[in-house]
Amino acid sequence: MAEVDKDDLVSILEENEKEATLPKTLPLMAVRDVVIFNDMLLPLFVGREKSVRAVEEAIEKDGYLLLATQKDPGIENPGPEDIFQVGTVSRVLRILKLPDGRVKALVQGVAKARIIKYVAKRSLYRVRIEIIEEEPVEEINLEIEALMRNVREHAEKILAFRGELTGDVDTVLESIEEPGRLADLVTSNLRLKIDESQSLLEISNPVERLKKINDLLSREVELSSMQAKIQSDVRDEISKNQRDFFLREQMRVIHKELGESDDRAQEIAEYKKKIKKAKMSKEAEKEAKKQLKRLEQMHPDSGESSVVRTYLDWLVEMPWSKATKDIIDIKNAQKVLDQDHFGLNKVKDRILEYLSVRKLNPKMKGPILCFVGPPGVGKTSLGQAIARAMKRKFIRISLGGIRDEAEIRGHRRTYIGALPGRILQGLKQSGTNNPVFMMDEIDKLGSDFRGDPSSALLEALDPEQNSAFSDHYLSLPFDLSKVMFILTANVTDTVPSALLDRMEVITLSGYTQEEKKSIARRHLIPRQIKENGLKPRNIQITPGALQQIIAEYTSEAGLRNLERELGSLCRKLARKLAEGEKGPFKITRNNLQKYLGVSKYIPEMDQENSQIGLSAGLAWTQAGGEVLYVEATLIGGKGELIVTGQLGDVMQESARAAFSYARANLSSFGLKENVFENMDVHIHVPAGAIPKDGPSAGIAMAAALISALTKKPVDKNVAMTGEITLRGRVLPVGGLKEKALGALRAGIHTIVFPEKNKRDLVDIPKYVKRKIKFVPVKNMDKVLTIAL
């Protein structure tokens, strides 16, 4: 019988005693991205509440807990179904509580175990376990010995590839004589997938486990060999590039000695020609030559050389001195403007004035015009007409939603993929330095942490500064003073005041029904006939039908919806022709509904008759002027005022001012002073879902309230606009022309407006004045005389 060393006998007895005393119920901690094996010593950072409680309970009792790996490491709070059934009973050797509430624990695997049942699940997982006994190896035969040696050699190769092989590691691998322990040690130090590690943990036969790890190691050796080969090839490629560079330089010198040229020299020579041809400013030419000199000294395949090439391409392609010659014929320009746009006389006059001054003074700086008006009134197409009248190139960019200052000023060249801003990109695209440059939607610019684009526009749109506009990419002054900038906006409220101050604002109010009919006949109907493959003889739209389309199928200041409806009509006729029907087709009031369906816009039902407590106000919105109805009613209460309809602060103050005026003048209306003691006033402005604000509805609110008090109806044909004071004075408001057009669309015949707005009647077309009676008023007494 072989002798057993005393120390070995003691450790064996302690180990047997330890396994015999392992508890059958243990706290469970789910771990991520790692599978724990026997004898594995591992530090864990514990942060989840359940896991921290499991560690604390293990320390308080006997120091043991079960570590099981969760199937998906991305799940923050795994349930029992998310955790593998087989884990490792581990002993907590040491813990350290960190300041952020986490716990650092040093654990060592003791024995494999299978979860039989979850005993507790709420505050922490507590499970009943069954210890998985290792199958004994009777004797280590030649096959097992060869397998163990193969595993050791593969492990040493992998560690050598990684640069982690030391003499100590080699000694440890050689000292392990048990197949199971060798398999566990190698597995715990390999970077295997979780599923592969877990499958190894669940194999109780040491030899089978060793065979599987041998297969995995063989694959890992092949991968590591391939990785090493790739790295070696990369090093060889770098060496080859360096060698090629030296050879190229030698060839360049040889070509130079022989008087021959190479591709590199041709490229440099071509850039020199382009720089000379571009006729840059002195500063730009100096910078271009400096960058070209840098390019000559660089390796042609280096990353920096491509950056310099791109920069030089931009410099030589910018229109430093290229300009189109203005052919200024005032009569021809007026003819071009009249061809494309009906009405808009004020805008046309301003453009013709600019052209006249330009003809007399060719060196004048380009103006900064801003067309403000509702959608669809022709702001963008007007810019195109100006370019055509002046024989200039036309560029258009949209500024809506831009939040990055670099979109205007460009990116600095330090960034990969840097480009100049949208202004210089547009000039390069046009090829001239004096185009008509249109910037749409200036009122929809944004700003965030990347800068404020509207502030960046200040320099570009200032005639005193833009002669030396500096873009971040070029970092050179570029002259924008010859560019004619035209900006468009729906409203000026959101445009910063400093930017607005640099622009000449021209307002486009919208079109009346008469103007829309003329535009439809001259432009829209012929265009839709052509686009839909029809011929003029195929379709005939009567004046009555056209009037009905404008009045009952659209409600807008512009023309977009009108063109859509005409397009829909033409498409239906095109289908009839394609199906074999023969034209011509006559569209009248009687058959219009057959093509376009029922009317989309009908007059307000409330205005069929004059009613008590219902007045018509006038509002000015982004879509033009609109009629705004105000309702007032009296209900039981204690003299309070209720205001509804999503009204803004200014409009609510107008309602309170109207209420106070009515209370202060009860006797003049023939009412008792105590009429409000048992009565509340409710003022409502439909539609309730649309936010509204502004002072213009003050007199309309007062008229509706006094109508409700005196039981006298408000004339349905009267609309009113004006701000009210506590003494009943009527103060001026803005947008009278737009409001008048909105009233005309709604069929209103009389408009009551502040007397101080009489000067605005000059801007209102004569045919609008013929159809609407304008009554100026100074105070509420006259308003009530007309309205009630």
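**From two cysteines to the whole chain**

Cys570 is buried, with a relative accessible area of 3%, in a model that is predicted. Cys370 likewise counts as buried, here at 1% relative accessibility, and for both residues the assignment follows because buried means under 20% relative accessible area. As a reminder of the chemistry, a disulfide is a covalent bond between the sulfur atoms of two cysteines. The structure holds zero disulfides, a statement that rests on a cut-off of 2.5 Å between cysteine sulfur atoms.

Turning from single residues to the chain, its secondary structure comes to 26 helices and 26 strands. The radius of gyration of the protein chain is 43 Å, well over the 28 Å that the globule rule gives for 788 residues, and the chain is therefore more spread out than a compact globule. In terms of overall dimensions, the C-alpha trace spans about 130 × 100 × 65 Å along its principal axes.

Burial and contacts fill in this picture: 46% of the 788 residues of the protein chain count as buried, and, among contacts between residues at least 6 apart in sequence, 73% join residues that are at least 24 apart.

At the surface, the accessible area of the protein chain comes to about 42000 Å², with 50% of it belonging to carbon and sulfur atoms. As for charge, the protein chain carries 122 positive and 113 negative charges, and the mean positions of these two sets lie 14 Å apart.

Terms used:
Residues are numbered from 1 along each chain as its sequence is written. This is a predicted model: local features need pLDDT of at least 70, side-chain atom pairs count only at pLDDT 80 or more; totals for chains, interfaces and linings use all residues. Side-chain values use heavy atoms; hydrogens and water are left out. Helices (H or I, at least four residues) and strands (E, at least two) are DSSP runs, numbered from the N terminus. The radius of gyration is taken over C-alpha atoms; the globule rule is 2.2 Å times the number of residues to the power 0.38. Buried means under 20% relative accessible area, exposed over 50%, partly exposed in between (1.4 Å probe, protein chains only). Contact means heavy atoms within 4.5 Å. Accessible areas come from the Shrake-Rupley method with a 1.4 Å probe; for residues, only the protein chains shown count as cover. Lys and Arg count as positive and Asp and Glu as negative; His and the chain ends are not counted. The place of a charge is taken as NZ of Lys, CZ of Arg, CG of Asp or CD of Glu.
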